[in-house]
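Work through the exercises below with the structure in view. Each task is followed by a solution in steps.

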Amino acid sequence: MGQRAIIVGAGVIGVCSAYALARRGWHVTLVDRASGPAMETSHSNGAQLSYCYTDALGSPQVTASLPSLLRGRGGVSFRLSARPDYACWLAKFAANCTASKHRRNTMAVFDLAAQSRRAMDALCEAYDLDFAHRAAGKIHLLFSDKDLDHARSMARLKSAAGAEQHILERQELPQLDPALSALDRDAIGAISTPSEMVGDPLLFSRGLLEILTTQFAAETRFDTAVASIKDEGVSALISLVGGEVLTADLVVVAAANESRRLLQPTGSKITLQPMKGYSFEMPITEGSPRISVTDGKRRLVFTNLGDRMRVAGIAELGSASREIDPARIGWLVNAARECLPNGGDYSRADNFWTGLRPVTPNSQPIIRKASNTIAINTGHGALGWTLAMGSGERLANLVEAKP
């Protein structure tokens with residue numbers, strides 16, 4: 001069966017890493033503490049495949065609004081903490097908030113997103129996967145002249161790299177989708193990206209896992225927590241909670257925020273912090289847009305998944321709690337209603353979810369080898385679903401590269 005790889009973490013990053021290795025001849029085993037694939041961070045994220053909207057979190061605009069972020073409980077907030085690892089992350093993040101680094105980080109992720117789109121297209125050509133995948137198009141709402149200037153600058157930058165984006169005035173938006181006539185009156189326009197896609201990451205992960213097990217004889221170990229990982233030189237050892245030890249030629253750590261704990265004893269330190277997000281779903285109505293909508297003011301997204309509207313948002317940096325805060329869910333529902341009053345049946349909002357996105361200071365994921373037998377694929381922030389297929393390919397190419 002060739003070399004053996006164990007992937008720790010069966011979210012979208014883990015299953016895509018497993019697929020990239022399996023189709024290169026590796027025998028893969030997925031290990032996850034949950035009962036199935038994509039049960040944590042990947043489960044109910046925004047469901048937008050935003051291949052062109054890859055803007056890094058760190059920017060001069062964020063620096064200017066930092067005092068309000070430290071106090072606020074709006075769409076984005078940075079919690080105060082005296083933890084050394086948190087302070088280290090903030091210091092590195094601040095260093096990435098210059099205009100030049102914002103552009104560099106944005107375009108580095110844009111390049112990975114383009115690779116991810118190509119890999120997703122190839123997968124969908126090879127297999128009949130049903131995960132509500134379609135070209136929906138996307139608009140990113142703008143609320144000020146400053147937003148408009150920044151949007152024009154980023155559109156020019158991405159256009160030179162092949163992206164098709166248009167800056168539209170408010171009165172032009174209903175031509176894309178009649179439902180946009182009921183938008184928040186404060187929106188003055190939007191960035192339109194016709195090529196953007198949507199898809200349900202949970203259905204995708206389940207479907208890809210079935211391909212892995214039936215076509216590539218992949219194995220799974222769910223409800224299985226990993227205690228530690230050790231590089232033995234020619235192989236890696238994984239100690240499971242309960243005492244069992246697994247051996248492989250390669251271990252891929254794709255365990256989101258848990259990756260930092262697992263890697264620390266190996267001597268490989270990564271700068272990572274959780275960023276807590278929320279989502280809910282509601283029934284589609286006649287006023288629901290088919291096109292994807294991102295509200296840049298409230299930092300939330302609307303994704304029409306065919307039979308339901310998913311709304312995702314909120315970015316709380318430094319919150320490691322997996323508990324759903326009713327107040328935050330309430331804020332998200334109210335904010336969504338303010339943006340798109342007819343976006344769905346808000347009276348029947350349900351499927352409330354929260355997840356912890358693993359975020360790096362420069363918004364670029366960590367895809368590298370930690371040693372001869374340990375590799376890392378984590379730190380994708382809010383773009384894990386978008387970057388998953390490309391990240392799997394990049395990891396596999398890195399592992400297979402000749403020294």
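Two strands count as paired if DSSP finds at least two bridges between them. The model used here is predicted.

**Exercise 1. Describe how β11 and β12 are joined, and place them in their sheet.**

Step 1. Strand β12 covers residues 236-240 and is linked to β11 by five bridges. The cut-off for pairing is at least two bridges, and the two strands run antiparallel.
Step 2. Within this pair, Ile229 lies opposite Ile238 of β12.
Step 3. The sheet is open and has three strands in the order β11-β12-β13, paired antiparallel.
Step 4. β11 (226-231) and β13 (245-248) are the edge strands with a single partner strand each, so each has one side without a neighbour in the sheet.
Step 5. From one strand to the next, the twist averages 20°.

**Exercise 2. Classify the packing of helices α5 and α11 from the angle between them.**

Step 1. Helix α5 spans residues 99-126 and helix α11 residues 384-400; their axes are 7 Å apart, at an angle of about 90°.
Step 2. Angles of 65 to 115 degrees count as roughly perpendicular, and α5 and α11 are therefore roughly perpendicular to each other.
Step 3. Residues of α5 in the contact include Leu112, Met120 and Leu123, while those of α11 include Trp385, Met389 and Arg394.
Step 4. The contact residues comprise 10 nonpolar, six polar and three charged.

**Exercise 3. Find which residues touch the most other members of the largest nonpolar core.**

Step 1. This core has 46 residues, and the ones sought are Ile7, Leu21, Val28 and Phe204.
Step 2. Elements giving two or more residues to the core include α5, α8 (201-215) and α11.
Step 3. α1 gives the largest share, nine residues.
Step 4. Among the residues that Phe204 touches are Met120, Leu123, Trp385 and Met389.

Note on methods:
Residues numbered from 1 in each chain as written. Predicted model: local features only at pLDDT ≥ 70, side-chain atom pairs only at ≥ 80, totals over all residues. Heavy atoms only, no water. Axes fitted to C-alpha atoms, helices over the stretch in contact; angles between N-to-C directions. Helix = DSSP H or I, 4+ residues; strand = E, 2+ residues; numbered from the N terminus. Parallel < 35°, antiparallel > 145°, perpendicular 65-115°, else oblique. Contact = heavy atoms within 4.5 Å. Nonpolar A, V, L, I, M, F, W, Y, C, P; charged D, E, K, R; others polar. Core = buried A, V, L, I, M, F, W, Y, C linked by side-chain atoms within 4.5 Å. Buried < 20%, exposed > 50% of the residue type's maximum accessible area, 1.4 Å probe, protein only. Lists of a residue's contacts leave out its neighbours within four places in sequence.
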